[in-house]
Amino acid sequence: MHAVSDGTGFLISDVSRLLRRRFDERARLIGVTRPQWRALITLYRHEGIQQGALADLLEVEPITLCRMVDRMADAGLIERRRHPADRRVWKLYLTDKAHPLIDQLRSIADAVLATALEGLSPDAVDVFVATLDLVRLNLAADTNRAEVAHG
């Protein structure tokens with residue numbers, strides 16, 4: 001195994017920060033904040049999820065998500081529906097108004113990523129993505145081992 005320089009973690013963090021910044025700049029032009037686009041995209045992937053579970057996925061406090069959902073519901077992007085078996089539980093769904101916005105966000109993400117990967121061959125992109133996926137899996141497995149070890 002190669003020794004990894006001390007700067008590798010900083011480089012990964014810097015690339016992530018720059019990707020978010022470029023995306024945020026463009027998303028703001030269509031009136032969407034970072035927390036909103038994260039919530040919309042996550043809800044798109046997990047439509048019908050309960051608010052608490054969405055808060056967990058977004059790694060935010062439930063009250064913070066509740067306020068965000070309130071604003072997006074007022075904007076007509078999200079709707080709450082009562083759980084059929086438990087009226088205390090709310091499930092979240094995107095509205096028809098949200099789907100064109102999500103399409104715009106996807107286009108923005110594609111453009112930002114295309115800029116970021118400029119100059120890489122398709123094969124290099126495939127290797128890069130596979131490498132990042134392996135790194136993510138390694139870290140997720142390490143987290144799972146730590147959780148098991150600490151109960």
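1. The residue T95 has a relative accessible area of 15% and is buried. With burial set at under 20% relative accessible area, T95 falls within that class. T95 belongs to the loop that runs between β2 and α5. The structure under review is a predicted model, and the points below should be read as statements about that model.

2. The surroundings of T95 deserve a closer description. Its side chain comes to 2.4 Å from the backbone oxygen of G76. When neighbours within four places in sequence are set aside, the contacts of T95 are G76, L77, I78 and E79. G76 thus appears both as the residue whose backbone oxygen the T95 side chain reaches and among the residues in contact with T95.

3. The two strands come next. β1 and β2 pair in the antiparallel sense, with five bridges between them. Within this pairing, L92 of β2 is the bridge partner of R80. Strand β2 spans residues 90-94 and is mostly covered, since four of its five residues are buried.

4. L92 also offers a reference point for helix α4. A73, which is found in helix α4, is separated from L92 by 19 residues in sequence, and the C-alpha to C-alpha distance between them is 9.8 Å. A73 is partly exposed, at a relative accessible area of 27%.

5. How many salt bridges are counted in the model? The count comes to seven. Three of them are described in this point and the two that follow, beginning with R80 and D70, whose side chains meet at 2.7 Å, N to O. R80 lies in strand β1 (residues 78-82) and D70 in helix α4 (residues 62-74), so this pair ties together parts that are ten residues apart in sequence. Both residues count as partly exposed: R80 has 24% relative accessibility, and D70 has 32%. R80 therefore takes part in the salt bridge with D70 and is also the residue whose bridge partner in β2 is L92.

6. A second salt bridge joins the side chains of D24 and R34 at 2.4 Å, N to O. D24 is in helix α1 (residues 8-28) and R34 is in helix α2 (residues 34-45), so the pair links parts that are ten residues apart in sequence. The accessibilities of the partners should be noted: D24 counts as buried at 9%, whereas R34 is partly exposed at 33%.

7. A further salt bridge is formed by D86 and R88, with a distance of 3.0 Å, N to O. Here D86 counts as partly exposed, at 22% relative accessibility, while R88 counts as exposed, at 71%.

8. Helix α2, which holds R34, has twelve residues. From its first C-alpha to its last it reaches 17 Å, close to the 16 Å expected at 1.5 Å a residue. Its buried residues are Q36, W37, A39, L40, I41, T42 and L43.

9. Which elements cover the buried residues of α2? The cover includes the helices α1, α3 (51-58), α4 and α5 (98-116), together with the strands β1 and β2. Several of these elements have already been discussed: α1 carries D24 of the salt bridge to R34, α4 and β1 carry D70 and R80, and β2 pairs with β1.

Definitions and conventions
Residues are numbered from 1 along each chain as its sequence is written. This is a predicted model: local features need pLDDT of at least 70, side-chain atom pairs count only at pLDDT 80 or more; totals for chains, interfaces and linings use all residues. Side-chain values use heavy atoms; hydrogens and water are left out. A salt bridge is a side-chain nitrogen of Lys or Arg within 4 Å of a carboxyl oxygen of Asp or Glu. Buried means under 20% relative accessible area, exposed over 50%, partly exposed in between (1.4 Å probe, protein chains only). Two strands pair if DSSP finds at least two bridges between them. The expected span of a helix is 1.5 Å times one less than its number of residues. Contact means heavy atoms within 4.5 Å. A polar contact is a pair of N or O atoms within 3.5 Å; within protein, one must be able to donate a hydrogen and the other to accept it, and residues adjacent in sequence count only if both atoms are side-chain atoms.
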